[in-house]
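Here are my notes on the model you passed along. Have it open while you go through the points.

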Amino acid sequence: MSNFLVTLEGAWIVRDVKSADDAIGVAISEAGKRLNQSSMEYVEVEVGQSYCPSCEEPLEGVLHVAGTALVGLIFEIKIFNAESEEHAGRIAKAMIGKALGSVPLRVIEVERLK
């Protein structure tokens, strides 16, 4: 059994916001609130990034159109005593998914801890 740091990305929809910065603040606040209600305050939450396909410059992980935004969030959680990287990813996805509800999640990295 090993310990792992699992990183997931999630897509958070925010409605009735005036700017991308507002959307980011609301998304992080709402995600943190749901995680804290599930006693998962140890999960790190931050805004994700994507990269421009042409110039490869980093772009903020938010798309804001007509007062509605899609915010890409990154969640990091330590998983202890997992059988494999795949097992750790499934555990993390299940735990965070249960707290967040219908937010789509995808495992993007699993790192073995020493």
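1. A definition before anything else: a charged patch here is made of residues with over 30% relative accessible area and no salt bridge, with like charges joined within 9 Å. Asp and Glu count as negative. Keep in mind that this is a predicted model.

2. With that in hand, which residues form the negative surface patch? They are Glu44, Glu46, Glu76, Glu109 and Glu111. Two elements, β2 (44–47) and β7 (105–112), each give two or more residues to the patch.

3. Glu76 deserves its own remark. This patch member sits in strand β6, which covers residues 68–82. Its relative accessible area comes to 30%, so Glu76 is classed as partly exposed; that class runs between the 20% limit for buried and the 50% limit for exposed.

4. On charge overall, the protein chain carries 11 positive and 17 negative side chains. The centres of the two sets are 8 Å apart.

5. Now the fold. I count on two helices and seven strands for the protein chain, and their order along the sequence is β-α-β-β-β-β-β-α-β. If you're setting up a box, the C-alpha atoms take up roughly 50 × 40 × 20 Å along the principal axes.

6. How much of the protein chain counts as buried? The figure is 37% of its 114 residues. The accessible surface is about 7200 Å², and carbon and sulfur atoms account for 49% of that.

7. Contacts reach well along the sequence: taking those between residues at least 6 apart, 73% join residues at least 24 apart. One pair to look at by distance is Gln37 and Leu100, which are 63 residues apart in sequence, while their C-alpha atoms are 10.0 Å apart in space.

8. Is Gln37 buried or exposed? Gln37 belongs to helix α1 (residues 20–37). Its relative accessible area is 61%, and because exposed means over 50%, Gln37 counts as exposed.

9. Thr7 goes the other way. This residue lies in strand β1 (residues 2–15), and its relative accessibility is 7%. The limit for buried is under 20%, so Thr7 is buried.

10. What does Thr7 touch, leaving aside neighbours within four places in sequence? Its contacts are Ile74, Phe75, Glu76, Arg106, Val107, Ile108 and Glu109. That list ties back to point 2: Glu76 and Glu109 are in contact with Thr7, and both are members of the negative patch.

Notes: Residues numbered from 1 in each chain as written. Predicted model: local features only at pLDDT ≥ 70, side-chain atom pairs only at ≥ 80, totals over all residues. Heavy atoms only, no water. Patch = residues over 30% accessible without salt bridge, like charges linked within 9 Å, V, L, I, M, F, W, Y side chains within 5 Å. Areas by Shrake-Rupley, 256 points an atom, 1.4 Å probe, with all protein chains shown as cover. Salt bridge = Lys/Arg side-chain N within 4 Å of Asp/Glu carboxyl O. Charge placed at Lys NZ, Arg CZ, Asp CG, Glu CD. Helix = DSSP H or I, 4+ residues; strand = E, 2+ residues; numbered from the N terminus. Buried < 20%, exposed > 50% of the residue type's maximum accessible area, 1.4 Å probe, protein only. Contact = heavy atoms within 4.5 Å.
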